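Biologist: I'd love to go through this model with you, asking how each label is earned. Shall we look at it together?

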Amino acid sequence: MSEEMKTKFEKYWKEVHGLMSVATVLDPRYKLHMLQALFGSLYGFEHATAEVEKIRKLMGDLLLEYQASDGGVGTSESQVGRSVSTQGGAAVDEMENIFKQYMSSKPVMSASRVRTELDLYLWKRKLSIGQRVSTSSIGG
């Protein structure tokens, strides 16, 4: 019975894993750094790097799909402003501790050629964890 439960969990985790990762990357406080930190603590550095690259590729593919379906129209800021709120709890604290530890030991990344708005977003400096997220910080 436990093997069946584990198989089901892994099946559903794989389906949701990519979308949850994309949502994390779109939070300007974390970007790809949160994924690298959490995947690193789960899988080790080498496997984490491969997983982060899969998410980066998924985001690029989603962007291309969006541009194709939208006729190539550029993106604009949303007129609806929302703040991201986090719920307290031990899991959130542990996640933030892993992230802070990762950021304190993070290697310096070299600058690369920016090709898309997604690349520009990922290249920009992240917001601090305590900073509120608004549409101006997402788009600007």
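Modeller: Just after α2, glycine 44 has a positive phi of about 95 degrees.

Biologist: What makes α2 a helix here, and how does its span compare with the expected one?

Modeller: Helices are DSSP runs of H or I with at least four residues, numbered from the N terminus. With 13 residues, α2 qualifies. From first C-alpha to last it reaches 19 Å, close to the 18 Å expected; the expected span is 1.5 Å times one less than the number of residues. This is a predicted model, in which local features need pLDDT of at least 70 and side-chain atom pairs count only at pLDDT 80 or more, while totals for chains, interfaces and linings use all residues. Residues are numbered from 1 along each chain as its sequence is written, and side-chain values use heavy atoms, leaving out hydrogens and water.

Biologist: Thanks! Which residues of α2 are buried, and what covers them?

Modeller: Buried means under 20% relative accessible area, exposed over 50%, and partly exposed in between, with a 1.4 Å probe and protein chains only. In α2 that label goes to Lys31, Leu32, His33, Met34, Leu35, Gln36, Ala37 and Phe39. Their cover includes α1 (2-25), α3 (45-69), α4 (90-104) and α5 (117-123).

Biologist: Why is lysine 31 said to have no salt bridge?

Modeller: A salt bridge needs a side-chain nitrogen of Lys or Arg within 4 Å of a carboxyl oxygen of Asp or Glu. For lysine 31, the nearest side chain of opposite charge is aspartate 27, 9.3 Å away, so the label does not apply. Opposite charge here sets Lys and Arg as positive against Asp and Glu as negative, with His and the chain ends not counted.

Biologist: What lies 2.5 Å from a polar atom of the lysine 31 side chain?

Modeller: The backbone oxygen of tyrosine 121 does. Lysine 31 also touches Thr24, Val25, Leu122, Lys124, Arg125 and Lys126, among others, not counting residues up to four places away in sequence; touching, or contact, means heavy atoms within 4.5 Å.

Biologist: How do you know that aspartate 27 and arginine 29 form a salt bridge?

Modeller: Their side chains meet at 2.6 Å, N to O, which is within the cut-off, so the pair counts. Aspartate 27 is buried at 11% relative accessible area, and arginine 29 is buried at 5%.

Biologist: How many salt bridges are there in the structure?

Modeller: Four. Among them, glutamate 51 and lysine 54 meet at 3.2 Å, N to O. They are three residues apart in helix α3, about one helical turn. Glutamate 51 counts as buried because its relative accessibility is 10%.

Biologist: Why is lysine 57 called exposed, and what is aspartate 61 called?

Modeller: Lysine 57 has a relative accessible area of 53%, so it passes the mark for exposed. Aspartate 61, at 36%, falls in between and is therefore partly exposed. The two form a salt bridge, their closest N and O atoms being 3.0 Å apart.

Biologist: Finally, what makes a nonpolar core, and which residues touch the most other members of the largest one?

Modeller: A nonpolar core is a set of buried Ala, Val, Leu, Ile, Met, Phe, Trp, Tyr and Cys residues joined through side-chain atoms within 4.5 Å. The largest has 13 residues, and Val25, Leu32, Leu35, Phe39, Ile55, Met59 and Leu122 touch the most other members. Helix α3 gives the most to this core, with five residues.

Terms used. Polar contact = N/O pair within 3.5 Å; in protein donor to acceptor, adjacent residues only side chain to side chain. Helix = DSSP H or I, 4+ residues; strand = E, 2+ residues; numbered from the N terminus.
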